[in-house]
Amino acid sequence: KGQDLLRQLDGAAHVHSVGATIAILTRHPDRKAFMDPPDYGDADIETAYQEAIALLMDHYGQVDVPLGIVQRLRRGDVDRPLGGGPQVLNAIHTNLEDGKLIGWAGEGYILIVQFTDQGVVSHSRHQYGNSSRPDSPHYTDQVDDFLARALKPTLRDRDELMQSGGRAYRPGSEPD
């Protein structure tokens with residue numbers, strides 16, 4: 001069944017793809033077949049495939065598990081399905097933790113800029129939020145929009161920023 005699912009893989013690593021789950025687990029660098037020494041050669045691919053199937057059976061009881069069930073974006077209290085994978089346009093790199101692929105690197109800040117006759121227009125998105133402090137309301141406030149691939153207008157000057165509800169402060173003057 002796993003091989004049939006791989007044959008149906010269309011090259012997309014979206015959260016609903018079951019073929020992508022098997023492919024990513026098979027080629028994942030945390031697979032035992034690649035640990036000592038790391039080797040992505042064809043000689044180990046059958047062993048790695050069997051280990052991927054075994055992992056799915058052990059943790060999920062089936063081989064047809066959507067990628068978003070296995071691959072997760074975690075930050076603070078947020079735990080969401082995560083599409084993408086290594087060596088695809090939606091680049092995501094993960095660590096294997098207790099049967100889950102936990103994203104740690106990949107697509108981050110996205111910016112699209114259009115140069116038009118009327119001027120510059122841009123839209124952006126950050127994958128988490130604009131703070132590295134877990135107690136900030138901006139620590140995870142962009143996760144859901146990032147996963148939905150929703151962009152927001154980029155604020156490029158002081159007037160746009162102030163009209164958006166931003167606040168002025170001097171670095172170091174914030175209360176702890």
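1. Let's start with one residue in this predicted model: Q71, which belongs to strand 1, the stretch covering residues 71-75. Is Q71 buried or exposed? Its relative accessibility is 0%, so Q71 counts as buried, the cut-off being under 20%.

2. Now look at what surrounds Q71. Leaving out residues up to four places away in sequence, Q71 touches I24, R80, P81, L82, G83, G84, I92, T94 and L101. With L82 there is also a polar link: a polar atom of the Q71 side chain lies 2.9 Å from the backbone oxygen of L82.

3. One of the residues touching Q71 is I24, and I24 is also among the buried residues of helix 2. The others buried in that helix are G19, A20, T21, I22, L25 and T26. Since seven of its 10 residues are buried, helix 2 is largely enclosed by the rest of the structure.

4. What covers those buried residues? The cover includes helix 1 (2-7), helix 3 (45-60), helix 4 (67-70), strand 1, strand 3 and strand 4 (100-106). At the start of helix 2, have a look at S17: one of its side-chain oxygens comes within 3.0 Å of the backbone nitrogen of A20.

5. Finally, find the second largest pocket, which holds about 430 Å³ of space. Its lining has 20 residues, and those nearest the centre are I24, R27, G85, P86 and Q87. Helix 2 (18-27) and strand 3 (92-97) are the elements that each give two or more residues to this lining. By class, the lining has 12 nonpolar, seven polar and one charged residues.

Terms used. Residues are numbered from 1 along each chain as its sequence is written. This is a predicted model: local features need pLDDT of at least 70, side-chain atom pairs count only at pLDDT 80 or more; totals for chains, interfaces and linings use all residues. Side-chain values use heavy atoms; hydrogens and water are left out. Helices (H or I, at least four residues) and strands (E, at least two) are DSSP runs, numbered from the N terminus. Buried means under 20% relative accessible area, exposed over 50%, partly exposed in between (1.4 Å probe, protein chains only). A polar contact is a pair of N or O atoms within 3.5 Å; within protein, one must be able to donate a hydrogen and the other to accept it, and residues adjacent in sequence count only if both atoms are side-chain atoms. Contact means heavy atoms within 4.5 Å. On a 1 Å grid over the protein atoms alone, a cavity is a set of points where a 1.4 Å probe fits but cannot get out, and a pocket is an open set with protein on both sides within 12 Å along at least five of seven lines; lining residues have an atom within 4 Å of a point. Grid points are joined across faces, edges and corners, and a volume is the space filled by probe spheres set on the points. Ala, Val, Leu, Ile, Met, Phe, Trp, Tyr, Cys and Pro count as nonpolar, Asp, Glu, Lys and Arg as charged, and the others, Gly among them, as polar.
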